[in-house]
Amino acid sequence: MALEDIGSEYELKIVDLRQGAQKADDYRRLNPMMKVLTLADGETVVTETGAIILHLVDNPAASDLIPQRGDPRRAACIKWLFFVGSNLASAMRERFQGWTPNPCYNGWGDFDRVRDVMSAALTPGPWLLGEQFTVADIYLAADLRIARMGDLIAADLAPFADYLHRIKSRSAFIRTHEIDARVAARSDGASGTFCSVSPGIRRIDQTSNDTYVSSRGESGFVLFVPTVSNFLSELVEWLHRARYVPHRTGGAGSSLRRPGS
Ligand SMILES: N[C@@H](CCC(=O)N[C@@H](CS)C(=O)NCC(=O)O)C(=O)O
């Protein structure tokens, strides 16, 4: 979605996580952690989602997606990128894997604390930084969608429900979703996507054999991303397979626990 918002030129290719393509030598050379995402911008390879997002907005074409140097809100935007990558992602794993919360030991506190801090930050909204939509919203929305699908947050829980609705109404989200669906259809259910950017190619809705491209880009990227819809549905399937079931805690959200635990 960040690439769509910026209007970068890029290609999508498949990294089939189910087939273990993330462990193949050529991918592992780029990302020794054997995880998606990976971004290669020319000779520069960037891994870790927060770092990829920061790299993408370090570009004049993305100046509206992050407050510029000298603007005091820039620090808040960067803070939220780290918050999502370290606190929210870890808190979600806490619930998905049924870990016993340990708010003092764990850097993220616990899931409920993270959820409540996010809730306050999104009130009144519409975005994390108020009126300005930033890359922090792109990263947050991706994780919140997984949290929602895994029933870590209830469908009508304010302010997340309205926030996700606003995100899904954005044209960059709609384009990303369409691309994702096309990639998923073409890749026979493969759960990962490899993207690379070739400068000079125009418009996202052309789909040649192996290439999805968008307009307005100024630099070339190669990006490995998961196919979001596949990843989300596989995550939910995995939760069922692992027999994690929703367990209401009495609070506004829910936790996932193994049956009998
Ligand atoms: N720290 C990484 C985590 C990325 C991550 O968790 N990737 C998962 C899917 S979203 C993955 O590649 N899983 C495949 C595997 O572990 O084999 C980041 O921020 O990019």
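Here's a quick tour of this protein, covering its overall make-up, model confidence, a hairpin, one helix and the ligand site. The model is predicted, and its average pLDDT comes to 77. Nine helices and seven strands make up the secondary structure.

**Overall make-up**
- Of the 261 residues in the protein, 38% are buried.
- Take the contacts between residues at least 6 apart in sequence: 68% of them join residues at least 24 apart.

**How far to trust it**
- A pLDDT of at least 70 is reached by 69% of the residues.
- Helix H5 (residues 111-121) is where confidence is highest, with a mean of 98. At the other end, strand E7 (residues 254-257) has the lowest confidence, with a mean of just 28.
- Residues 189-221 have pLDDT below 50, and in the model this stretch has 113 contacts beyond near neighbours in sequence.
- Residues 243-261 also sit below 50, with 41 contacts beyond near neighbours in sequence.

**The E2-E3 hairpin**
- Strands E2 (residues 38-41) and E3 (residues 44-47) pair up antiparallel, with four bridges between them.
- One pairing to look for is Ala-40, whose bridge partner in E3 is Val-45.
- The hairpin has two residues between its strands, and Gly-42 takes a positive phi near 65° there.

**Helix H6**
- H6 covers residues 135-149, so to speak a 15-residue helix, and spans 22 Å from its first C-alpha to its last. That's close to the 21 Å expected at 1.5 Å a residue.
- At the start of H6, there's a buried run that includes Val-135, Ala-136, Asp-137, Ile-138, Tyr-139, Leu-140, Ala-141 and Ala-142. Leu-144 and Ala-147 in H6 are buried as well.
- What covers these buried residues? The cover includes helices H1 (2-6), H3 (49-57), H4 (73-96) and H7 (160-169).
- Just after H6 comes Asp-151, with a positive phi of about 65°.

**Around the ligand**
- Ten residues surround the ligand, and the closest are Leu-17, Lys-35, Val-36, Glu-48 and Thr-49.
- By type, the shell splits into five nonpolar residues, three polar and two charged.

Note on methods:
Residues numbered from 1 in each chain as written. Predicted model: local features only at pLDDT ≥ 70, side-chain atom pairs only at ≥ 80, totals over all residues. Pairing = 2+ DSSP bridges. pLDDT = per-residue confidence, 0-100. Contact = placed C-beta atoms within 7 Å. Expected span 1.5 Å × (residues − 1). Buried ≥ 20, exposed ≤ 12 C-beta atoms within 10 Å, placed from the backbone. Near = placed C-beta within 6 Å. Nonpolar A, V, L, I, M, F, W, Y, C, P; charged D, E, K, R; others polar.
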